[in-house]
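Subject: A structure for you to look at

Hi,

Here is the structure I said I would pass on. Have a look at it first, then read my notes underneath.

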Amino acid sequence: MIPPSARVWIALGHTDMRKGMQGLALLVQQGLKRNPHSGDLFVFRGRAGSLIKIIWHDGIGMSLYAKRLEKGRFVWPAAKEGTVSLTPSQLACLLEGIDWRNPQYTWRPASAG
């Protein structure tokens, strides 16, 4: 559960997904000029667009969350650098593969029939 005080930042462009917690935290600090221990969530997307990683420091320790879509791609802004702030509900859409700017699936699920 995301604390109400936490902000969600997505890093624009693509990120080397071989990076782990320390590498992404360093990227937040040096590249995005933000504090990775602030309690905010930082979201990164790989070049192919089907993998994201999120780092979050909860005050006790750093967490790393990774998700890969089997179909479709995570919707990302076109800008090459910087950050965009999302609401927790926009993040929920992003994690489901839904365009958080216009909530619709980026692919159609197969019918169950």
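Below is what came out of it, going from the whole chain down to a few residues.

Before anything else, keep in mind that this is a predicted model.

**The whole protein**

Let's begin with the fold. The protein has two helices and five strands. If you walk along the sequence, they come in the order β-α-β-β-β-β-α, so try tracing that pattern on the screen.

Next, the overall dimensions. The C-alpha atoms fit a box of roughly 45 × 30 × 20 Å along the principal axes. The radius of gyration is 14 Å, which agrees with the value near 13 Å for a compact globule, because that is what 113 residues would give.

How much of the protein is buried? Out of the 113 residues, 39% count as buried. The accessible surface adds up to about 7000 Å², and carbon and sulfur atoms make up 52% of that. As for contacts, take those with a separation of 6 or more: 58% of them link residues 24 or more positions apart.

**Charges**

There are 15 positive side chains and 7 negative ones, and the centres of the two sets are 6 Å apart. Side chains of opposite charge can pair when their charged atoms come close. How many salt bridges does the structure hold? The count is one. Asp16 and Arg18 form this salt bridge, and their closest N and O atoms are 2.9 Å apart.

The two partners are worth a click each. Asp16 has a relative accessible area of 32%, so it is partly exposed. Arg18 comes out at 74%, which means that Arg18 counts as exposed, since the cut-off for that is over 50%.

**A closer look at Gly49**

Where does Gly49 sit? You will find Gly49 in the loop between strand E2 (41–45) and strand E3 (51–57). Is Gly49 buried or exposed? Its relative accessibility is 1%, so Gly49 counts as buried; the limit for buried is under 20%.

Which residues does Gly49 touch, once you leave out its neighbours within four places in sequence? They are Arg73 and Phe74. Now compare that with Ile60, which is 11 residues from Gly49 along the chain: the C-alpha atoms of Gly49 and Ile60 are separated by 31 Å. Turn the model until you can see both residues, and you can follow the chain from Gly49 to Ile60 yourself.

Happy to go through any of this with you.

Cheers

How values were computed: Residues are numbered from 1 along each chain as its sequence is written. This is a predicted model: local features need pLDDT of at least 70, side-chain atom pairs count only at pLDDT 80 or more; totals for chains, interfaces and linings use all residues. Side-chain values use heavy atoms; hydrogens and water are left out. Helices (H or I, at least four residues) and strands (E, at least two) are DSSP runs, numbered from the N terminus. Buried means under 20% relative accessible area, exposed over 50%, partly exposed in between (1.4 Å probe, protein chains only). Contact means heavy atoms within 4.5 Å. A salt bridge is a side-chain nitrogen of Lys or Arg within 4 Å of a carboxyl oxygen of Asp or Glu. The radius of gyration is taken over C-alpha atoms; the globule rule is 2.2 Å times the number of residues to the power 0.38. Accessible areas come from the Shrake-Rupley method with a 1.4 Å probe; for residues, only the protein chains shown count as cover. Lys and Arg count as positive and Asp and Glu as negative; His and the chain ends are not counted. The place of a charge is taken as NZ of Lys, CZ of Arg, CG of Asp or CD of Glu.
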